[in-house]
Amino acid sequence: MKRIIYLVSALLLAEAAVRAQEPVSFSREIRPILSDNCFSCHGPDELQRKAGLRLDVREAALKPAKSGKLAIVPGDVRKSELLKRINSSDAGEVMPPPKSHKVLTSAQKQKLRQWVAQGAKYEEHWSFVAPSPVKVPSVRRKDWPRNPIDQFVLARLESAALKPSTEALKPVLIRRVTLDLTGLPPTPAEVDAFVADTSAQAYEKVVDRLLKSPRYGERMAVDWLDAARYADSNGYQVDRDRELWPWRDWVIRAFNENKPFDQFTIEQLAGDLLPNPTLEQRVATGFHRNHMLNEEGGIIAEEFLAEYTADRVETTAAVWLGQTFNCCRCHDHKFDPFTQRDFYSLKAFFHNVPERGVGIYANPIRQNAPPFVKLPSPATEAKLAALNGKLKAVNGQLTALTNRSVSGVEEWAQRVASAVVKWEPVSLLQASGGDQPPVIDASASTLEVGPQETRPNTVKLTARLPAGRLTALRLECGTTATSASFQWSELKLGQQKVRAIAWGDSLASGETEKVLDNDRKTRTVLAMKPERPVHAVFEFEPALAAESGREVEIEIGVENAGGPSRWRLFATDLQPDLLTPTAVEAITRKESAGRSKAEQQQLAAFRIAQQPDHRKLNDELGSLKKQVTAAENEIPTTLVMEEQKDPRPTFILMRGAYDKPGSAVTAATPAVLPALSPEMPRNRLGLAKWLVSTENPLTARVTVNRFWQQVFGSGLVKTSEDFGSQGALPSHPELLDWLAQEFIRSGWDVKQLLRLMVTSATYRQASRFTPALRERDPENRWLARGPRHRLMGEFIRDQALSASGLLVDQLGGPSVKPYHPPGLYEQITAGNGYNTYVPGKGDELRRRSLYTYWKRSVPHPAMLLFDAPFRESCTLRRPRTNTPLQALNLLNDPTYVEAARFLAQRMMKEGGSTEEARLTMGFRLLLARPPAPAELKILQAAYARAHADFTKDPEAAKSFLAVGSAGYDTKLNLTELAAFTTVASTLLNLDETVTKE
Amino acid sequence: MSLPSLQNELSRRHFLSRSATGIGAAALASLVNPRLFAATQPPSFAPKAKRIIWLTQAGAPSQLDLFDHKPGLASHFDKDLPPSVRGEQRLTGMTAGQKRFPVAPSVFKFQQHGQSGLWLAETLPHTAKFADDICVIRSLHTEAINHDPAMTLLQTGHQIGGRPAFGAWVSYGLGSENADLPAFVALISRPSGPTNAQPLHERMWGSGFLPSRYQGVRFSSGKDPVLFLSNPPGITPARRRAMLDDATALNRLQFAEYQDPETQARIDQYELAFRMQSAVPELADLSKEPADIFDRYGPESKKPGTYAANCILARRLAERGVRFIQLYHRGWDQHNNLPSGIRSQCHDTDQPTAALLAELKGRGLLEDTLVIWGGEFGRTVYSQGVLTKDNYGRDHHPRCYSIWLAGAGIKGGQAYGETDDFSYNIVKDPVHIHDLNATALHLMGLDHTKLTYRFQGRDYRLTDVHGEIVKPVLT
């Protein structure tokens, strides 16, 4: 270690010595020192400013401070108080003060002194100055550069006396570029074709093929989904589903169609404000509906509207401007010249959306919070039109039936009034189901259901019915809790068809039917008190004959139970048309003359509804309604931006608090940046056009830097999310500016930009460290070698699926649920049905990872363990860690165990007949190159050992092969397959496999 | 990152890297993570606590029915809370529309306990035996009034997600004492009673912008205490060992070729994963605990995944040197039926909590373990919904609530801070969550103003720009 420190410092000192003669660069050398150590008290934030001294602006810095002293006297190091204070040994005087825990190094102090001596020149922060035309530098070594990128890189290398690395071997190169542009490994055939192609343009041909692949859009979308904080759930505590995948698919299409980045920007920020916007352009605006949405009970809408709009401001500023605007939500920025007014002026662009601020928890899950658009397929539209036609017709018939007069109402009413209903108790024999099994009491008449918190639950009951003919069954539900609410979703009585005919207390007619509709999602909430049981009467259709079986299986679907509830059952042989709800019965007991008109109508309506023809039509109506609902539920919706007619007023919020409005602001772009042209509208469209205008110094730089980061692993500006004064300086400033200008010149052509990067000699270098490089440039900032870094979690999984032949390459569509550790949701989320993760089936298990359902409170571990963000806010750079939990995931997740098995099958079926050929095949499927002799030897020994081992333990082989749902080819020798599977699993876990080499 | 943990990390790497790599362990560590050196700061003072056990009571337990004794409320039964007391406190949408704010005195009797005479409600008979060990802070306050922002603030010092959890900061600051276990472990339990279990969020034990190696690892009660810990069926530990040896042999060749320290780090991580495969099940296996242990923690402790079982696990984790052990027990959100809800929650938590304190004390661990018990905010003195003599509900209340601390460096047997007669406002010694966190870090030997991490150009802290150490609660 000491040696490294020594070397690094020697290097720094040598450089410093050279530079001592050179003029000090404010941007490169001074601003970072001042920003990091001084600006938080002497910077742009007026409220925090101490001693009346401001150092980020020259005129202010040269003025006397409150004390009357001059911090900086250009050219005069003795009169400059700043230099005195930074060198002071008095704790009360020294700057930065000890309390700040900031300490200047002597090199920094020296630098500041030199700067003052040279006249204390200021420069505007580099990223706020529009790039000026850059001359491509000349280099000594003429044979290396393939395009201008290489000249910039080589010039820098030559100035540091470093040499570029040799070109990577062809298999390595094609794997690198295929992973970078599609997120998948190349097939052995693609590798062979490339190796065999000796033409000068062989590599360029590969690149062009990859850029045309639909897989390209999928790969490119992943980084953009992080930036846009895309997820399939609303976030916060409740975190229910939302629907925004049509926007995600828009992104994939946009990349595949190579939509120019300026248009890509305009449509996502303001597609709805374009003249005659297409549905596609409106879908694109989902970008700024990706923020979280709080559905928690009791929240204050204004508070969360303030959160969502702030999120839009911060995301916009980070993605397009590379600025940390979150700082100026509460106060002026401490390091960069952005004010709190700038923040809220930007917010005004995003504040006119007709949104409520809170989700509606009572809404069905998956129902998006307005505004949203529906995206029905033509087939669904046709189906709905047909169903609605039928529905109208049946409704008409039913109205006609209801309006006819029926005779005999009075006679029937008298029979109801005088009927004596005898309810015989049903004996309960056996009960099961639920976390806490239901209990039958000693008299066999009452069933007590404990509280079920964790999941939808079915209580199964065997009951003995009383003797004789039976016409109806009554269920009674009560509680011992002082008050309780309880959800009842289903009732099933063996094969017996039943119809709800009467109900009482907290049950209404529509609700009784909800328990018969065979749909667990529709429920009735029973609010109960001990003294007030709820009851419902169901008619047997047809009646149970006396000789029919007396034992019946009853199923009661009980959802999230709020308190212990008791069930009792009774049966009767009374003629069922005499069984009525309490309210109807009360009317029948009145003298006919004493009934009001409304009561008479109610009575007649109930009588009519009992008639067979009415029942038949009613059933038909119910069935049609269900079909309409089902068809409507099939229609995807997607969240969009819209503009309110009357703009909401926007205020500066003091300390960022929603309930502390200060002065009003109108939509405006940040004052320090080039102004928004007066011809532009002061709305999102104007803002979007301003972002991609040629005068904007940031957008193109920030964007090309992010694409560079995607390909080279790290941006030219390492802090790709922060181009402000606390951000890193560009490693190759001229290259960054040249690329930005080239990008604009090309018409914001993303594919062209990527092509330029990946066809450069810089990109094509081998990625080996050499001892010299490891010491001089461990982070590869100077690019004397090719990029080498761990793949994102998505692509590690995609690669495994692809190489094993399991990958389903369907483009787009609703998110899917692959394998998932059981019980993960239940332990963390609320205990409701929708919070159970139900893995998909078949193809859904094997789609590309960007289609995996993303729940913000519990993101899929295959992604989260590999540093994926929660997608709660904009993320522009993922960390790349290396942890034991990742190892466990790749070793033991059924996804990878299954992929290993299928990889083994390919090795056996496609690899040829020899063991060597088969092992080589597996190696090539993942790593593109064939194994070296030493590697092959290890693989052969591994296979031989596993084979011998499984021969002795065939049961182990069998259970190992049974993991997952995809099965295996039973024609293969099981012992061999199991042995190859262990080797394949090892291959999937290699450092080289999870790494872009 | 402080020096001791760095040395730990180095020696661990050194132990693993053997010599085949040809690269010094120290250089390796610095290359893998140059930040380790950048952030190096030795502890400013001797730590009192080596570890924290945070018994998080999610959903917000009512201070009025557990800790904050207000005998005067009896005479205010069903009278409106005076507007002067309520002041400008914002209300949640759940009670903002209520016509009245009737005062609901606690149905529970309070008694003084121990030599110190600490007041506690009858719902906590077991905890009461430790009255002289615990310090109740009755004047904690927060800004958030909804669960998610409040829990996020409690965990990360900020209402909006994205910052590291307390445990992640400690893990970052001090590293792990055990080479086979993570430094930060989270354990979750559900209530046994019929109550509303507020959902949690993986971010609550997440590492925020810190590297994810510092994130909390959640141990669950299922087949795999840690995600993907078990080998697939048919793969015995011996087979796994052999497979890992193959992978390591191949990775070594790769390392020799490419010289990337990440490759060496990956070899190490696979070794650590292998060790975790035996260390974690051994840890999670309670079957060898003597029978009387389960008697102490109560009948629930035999059921995996309960708060009681998690308390036993907490002790085992503490014994094995895990730095930050965070339990979450859900179900404290008593908007209605509070008396029965609190009884049920106390049934779940009181005995096991006391048993944990007793065991820590008995084994000499309480001296260097800081135990914290509490939730994300308090509850209102007025009833949400209908108030009767024996039933009421309480809405969220951020202005004051109670938690307690015990163990390393804590002056037990005292109540710190005071609220007004309605437990609605703090009248003496307010303690903000930032102050609590600053104090806890202080006990761990970390200066909360120095434990920083540079993100987006700013040096972030757990306590943001706030936090004062609450000295009177310290010995």
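**Exercise 1. Locate Ala444(A), which lies in the loop between strand 4 (439-440) and strand 5 (447-449) of chain A, then state its phi and its exposure class.**

Before we start: this is a predicted model, in which local features need pLDDT of at least 70, side-chain atom pairs count only at pLDDT 80 or more, and totals for chains, interfaces and linings use all residues. Residues are numbered from 1 along each chain as its sequence is written, while chains are lettered from A and ligands numbered from 1 in the order in which they are written.

Step 1. Find the two strands; helices (H or I, at least four residues) and strands (E, at least two) are DSSP runs, numbered from the N terminus.

Step 2. Read the backbone: Ala444(A) is not a glycine, yet its phi is positive, about 60 degrees.

Step 3. Count neighbours. A residue is buried if 20 or more other C-beta atoms lie within 10 Å of its own, exposed if 12 or fewer, and partly exposed in between, with C-beta atoms placed from the backbone. Ala444(A) has 14 C-beta neighbours inside 10 Å, so it counts as partly exposed.

**Exercise 2. Repeat the analysis for Asn518(A), in the loop between helix 19 (509-514) and strand 10 (524-528) of chain A.**

Step 1. Phi of Asn518(A) is near 60 degrees, again positive in a residue other than glycine.

Step 2. Asn518(A) counts as exposed because it has 12 C-beta neighbours inside 10 Å.

**Exercise 3. Find the cis peptide bonds that lead into Pro96(A) and Pro542(A), and place each proline.**

Step 1. Met95(A) and Pro96(A) are joined by a cis bond with omega about -10 degrees. Pro96(A) sits in the loop between helix 5 (81-86) and helix 6 (106-117) of chain A.

Step 2. For Glu541(A) and Pro542(A), the cis bond has an omega of about 0 degrees. Pro542(A) belongs to strand 11 (residues 534-544) of chain A.

**Exercise 4. Describe how helix 20 (residues 582-589) and helix 21 (residues 597-610) of chain A pack.**

Step 1. Their axes are 10 Å apart, at an angle of about 115 degrees. Axes are lines fitted to C-alpha atoms, for helices over the stretch in contact, and angles run from 0 to 180 degrees between N-to-C directions.

Step 2. List the contacts (C-beta atoms, placed from the backbone, within 7 Å). Val584(A), Ile587(A) and Thr588(A) of helix 20 meet Glu599(A), Gln602(A), Leu603(A) and Phe606(A) of helix 21.

Step 3. Sort them by class: 4 nonpolar, 2 polar and 1 charged. Here Ala, Val, Leu, Ile, Met, Phe, Trp, Tyr, Cys and Pro count as nonpolar, Asp, Glu, Lys and Arg as charged, and the others, Gly among them, as polar.

**Exercise 5. Characterise the side of chain B that touches chain A.**

Step 1. The contact takes 69 residues from chain B and 79 residues from chain A.

Step 2. Helix 8 of chain B gives the most to the chain B side, with 12 residues.

Step 3. By class, the chain B side holds 29 nonpolar, 25 polar and 15 charged residues.

**Exercise 6. Judge the confidence of the model, with chain B as the example.**

Step 1. Take the global scores: ipTM 0.82 and pTM 0.84.

Step 2. Chain B averages a pLDDT (the predictor's confidence in each residue, from 0 to 100) of 87, and 90% of the residues score at least 70.

Step 3. Look for weak stretches: over residues 1-42 of chain B, pLDDT stays under 50. Where pLDDT is low, the predicted coordinates should not be read in detail.

Conventions: Contact = placed C-beta atoms within 7 Å.
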